[in-house]
4 protein chains.
Amino acid sequence: MDHRITSSTKDEALVKKRLNQLQKGAVQLFKQKGFHRATTREIAKAAGFSIGTLYEYIRKKEDVLFLVCDAVHDEVKTRMENVIDRNSTSEEALRQAVFAYFQIMDEMQDEVLILYQELKALPKEEQEYVMQKEREMVGILERVISNSYANVLDEKNVKLVANNVYVQGQMWGFRRWLIQKEFTLQEYMEMQYQLLKSQLAFQAT
Amino acid sequence: MDHRITSSTKDEALVKKRLNQLQKGAVQLFKQKGFHRATTREIAKAAGFSIGTLYEYIRKKEDVLFLVCDAVHDEVKTRMENVIDRNSTSEEALRQAVFAYFQIMDEMQDEVLILYQELKALPKEEQEYVMQKEREMVGILERVISNSYANVLDEKNVKLVANNVYVQGQMWGFRRWLIQKEFTLQEYMEMQYQLLKSQLAFQAT
Amino acid sequence: MDHRITSSTKDEALVKKRLNQLQKGAVQLFKQKGFHRATTREIAKAAGFSIGTLYEYIRKKEDVLFLVCDAVHDEVKTRMENVIDRNSTSEEALRQAVFAYFQIMDEMQDEVLILYQELKALPKEEQEYVMQKEREMVGILERVISNSYANVLDEKNVKLVANNVYVQGQMWGFRRWLIQKEFTLQEYMEMQYQLLKSQLAFQAT
Amino acid sequence: MDHRITSSTKDEALVKKRLNQLQKGAVQLFKQKGFHRATTREIAKAAGFSIGTLYEYIRKKEDVLFLVCDAVHDEVKTRMENVIDRNSTSEEALRQAVFAYFQIMDEMQDEVLILYQELKALPKEEQEYVMQKEREMVGILERVISNSYANVLDEKNVKLVANNVYVQGQMWGFRRWLIQKEFTLQEYMEMQYQLLKSQLAFQAT
DNA sequence: GATGAATGAGGCTTCATTCAT
DNA sequence: AATGAATGAAGCCTCATTCAT
């Protein structure tokens, strides 16, 4: 699944299956207790196998966290790419992408929370890797925005706006104790999108 | 300093001094290693006293984290309040407040990072307390925005915009690996402020 | 190969082959890492088959050690017996035997090292068995000495001298870090033999 | 006590006391189970304190082994030096030293056994250190022999003979299952000494 | 009030052994 | 007969917390 984690098992299909079990279980667990409070035994149990088997597929507890982070990004990215119409330059395309992104962030808020809070528990090198994935994600938003409003925004503004949108999506889950008390997802999406449009419209004048 | 931490010591002045040492040392330490990786021995050492003494002033390791979180918020709040002109309703007042806020977030980025990442390491009750402080901070921004643009924005929009600004300030430090690679602080402040204004201006039309 | 190890396999030829593979591989491995640090997986790999197969031929990890110890002794004994002229009583026969013994100890120093250091890792009963083999080896030397100098030495002296020679042979490999720094094998053999002769000669006076 | 082991405790006298307890307890324990089979918990218990305290004075389990090896050598050396008359060149002085050495080896046979069998469990660097101590011990014997028979033996012969005596002393304990079945300590000492003298006498002719 | 030695629960990880295929 | 995935007991070590001085 990922070259960074060397498992002693040889059967590729099995490895994939096990790592998938592991990642699924770990997300549920980390959601409740966070990475640090979760013990390796609990991780194994959540994945549905024994502690011994766990260590057939990972080398260190941290590897599980990395697995989760990696999987989250991959899923977000895949889902975004399925939804984005790369050829369209219409405003509608932007709306569609932004709404889809917020929707995904809503569905994956637990995963995103983990990613946010535990990143620094990873070794430096793996942190870098995860950050790179974040850059790619922001890059996707940049492209969408830039496709829709290429004429009105300079590159730097696009970067900033994309980053803002990206963060706003994450904050929906991350600051749910505040935001979800005040807004429904519909409202949040709609309002943020209106604000976004007003920025773009204004720059265009 | 805070009623939640009961120290067996009585001399108020000394307690204050010690807790201050503690908080200062802890921030430096958590900055480097994070809360979980820092041991109580290291915390004591960073504070300049022994492990035994540490436990004269706290009851659990978590108390130190709480202390730090609390202190960070207090400092941000104090500095913001010193800068804000509560009576002014001019656009200039908004600009001043936003710039000041970003400036503070820049200076305290390490502290804010800690606060962000370690919040869930606190017990539920203390989490609530810290969240409450966050709400207050957002509230301050709300008031400033609302004072300047009361006529053009409904309450809910103000809430959202204030929250966005608040998060953008934190992200300057939190996502420094991305943002600070692309923008200087000046640029970031200026551009975010322009975007903010365009939102407000647009709503006003 | 040895009745102490019951393998579930029946084909005698195959068992022999496998146990031989196993013993050869294990010596190489133990040489590097010692018995305790070598894992059963590594042992299986060194033998050229899987962990599952390993356990078709042994029951416990210790069995491998026993196998090695046993094989070492057998080889030393066989080689000694090939070289010794049981009928000769001349001094030359002694010289020949002693030199041959030292030569063998030189060639098998790694194996002897293992035997020396890991003996107590065996269960008591197997220890006894190995010790018995040691006694036999010393016995061979006793006979050679006694054949050559029967008239001058009482039985007890022969026992002691034989034991000394036996140990000196082992020490060539076991204390190589000291002895092999100071002497070449030729020198060591020659000098030890001279000392041996002087003992015998003196007793004869 | 030894710079190689860094204990977190500051009080020098206490450290010395604890390390002494530790070493004493460990010898008893290793005697029974060997180093590998002894758990850190058992080591702590044998030393009379908790596992936590154990790790206030050592960093790794291996350190305990090193401590033991070191202490054994130190004790042997000290006792030898107390007994040796450095000025005497008489044959009597040699006899005295050799007998004393065998006596010590008899009394410390368990310790010596440990040293012999577990040396390779130490990290390379520590092995070197222990070997150096062995060299010193052999050196002491060399000096005694050379003092008594300086005129008859060349340096290389002295080295060899000293090494032989040294090993013979250790073997009394190490091969007790063989030697102590056949000889009393008195006999062993006496006979080995006679052999030694015959070597020296013969060279002198 | 301050100190730091002592404690032991509990975490991570390894690895001998088994067993279904 | 051979394989290698699965198991879980058990080992090493850390570190938050206590308490006697």
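Visitor: How many residue pairs are in polar contact across the interface of chain A and chain B?
Guide: Happy to start there, bearing in mind that this is a predicted model. For that reason, both residues of a pair had to reach pLDDT 80 or more to be counted. With that condition, the rule finds, across the interface of chain A and chain B, 13 residue pairs.

Visitor: Which element gives the largest share of the side of chain A that touches chain B?
Guide: Several helices of chain A give two or more residues to that side, namely α1 (12-37), α6 (109-118), α7 (124-149), α8 (155-174), α9 (176-182) and α10 (185-204). The largest share is 13 residues, and it comes from α8(A).

Visitor: By class, what residues make up the side of chain A that touches chain B?
Guide: Charged residues number eleven on that side and polar ones twelve. The remaining class, nonpolar, has 20 residues.

Visitor: What area is buried between chain A and chain B?
Guide: The contact involves 43 residues of chain A and 43 residues of chain B. Carbon and sulfur atoms give 60% of the buried area. The area itself is about 4000 Å².

Visitor: How many salt bridges does the rule find across the interface of chain A and chain B?
Guide: Let's look at two salt bridges between these chains before the count. E134(A) meets R175(B) with N to O at 2.7 Å, and E187(A) pairs with K156(B), their closest N and O atoms being 2.8 Å apart. Across the interface of chain A and chain B, the rule finds eight.

Visitor: Which helices does the pair of E187(A) and K156(B) connect?
Guide: This salt bridge has 2.8 Å between its closest N and O atoms. The pair crosses between chains, with K156(B) in helix α8 (residues 155-174) of chain B and E187(A) in helix α10 of chain A.

Visitor: Why are chain A and chain B said to be related as by a two-fold rotation axis?
Guide: Chain A superposes on chain B by a rotation of 180° with 0.0 Å of shift along its axis, at an RMSD of 0.1 Å. The two copies are therefore related as by a two-fold rotation axis. The same surface serves both, since the share of contact residues of chain A that recur in chain B is 100%.

Visitor: Which residue of chain A comes closest to the rotation axis?
Guide: Here the position is taken at the C-alpha atom. At 2.4 Å from the axis, the residue of chain A that comes closest is Q117(A).

Visitor: How far apart are the nearest C-alpha atoms of chain B and chain C?
Guide: Some chains do not touch. Chain A and chain D are one such pair, with nearest C-alpha atoms 20 Å apart. Chain B and chain C do not touch either, and their nearest C-alpha atoms are apart by 31 Å.

Visitor: What share of the atoms of DNA strand E within 4 Å of the protein belongs to sugar or phosphate?
Guide: The strand is surrounded by 40 residues, with Y55(A), T40(C), R18(D), G52(D) and Y57(D) the closest. Base atoms make up the rest of the strand atoms within 4 Å of the protein. The sugar or phosphate share is 66%.

Visitor: Which side chain has an N or O atom 3.2 Å from a phosphate oxygen of DNA strand E?
Guide: Two arginines have polar side-chain atoms by the bases: R41(C) at 3.4 Å from a base nitrogen, and R41(D) at 3.0 Å from a base oxygen. The partner of the phosphate oxygen at 3.2 Å is S50(D).

Notes. Residues numbered from 1 in each chain as written. Chains lettered and ligands numbered in written order. Predicted model: local features only at pLDDT ≥ 70, side-chain atom pairs only at ≥ 80, totals over all residues. Heavy atoms only, no water. Near = heavy atom within 4 Å. Polar contact = N/O pair within 3.5 Å; in protein donor to acceptor, adjacent residues only side chain to side chain. Least-squares fit on C-alpha atoms with pLDDT ≥ 70 in both. Contact = heavy atoms within 4.5 Å. Buried area = accessible area lost by both parts, 1.4 Å probe. Salt bridge = Lys/Arg side-chain N within 4 Å of Asp/Glu carboxyl O. Helix = DSSP H or I, 4+ residues; strand = E, 2+ residues; numbered from the N terminus. Nonpolar A, V, L, I, M, F, W, Y, C, P; charged D, E, K, R; others polar.
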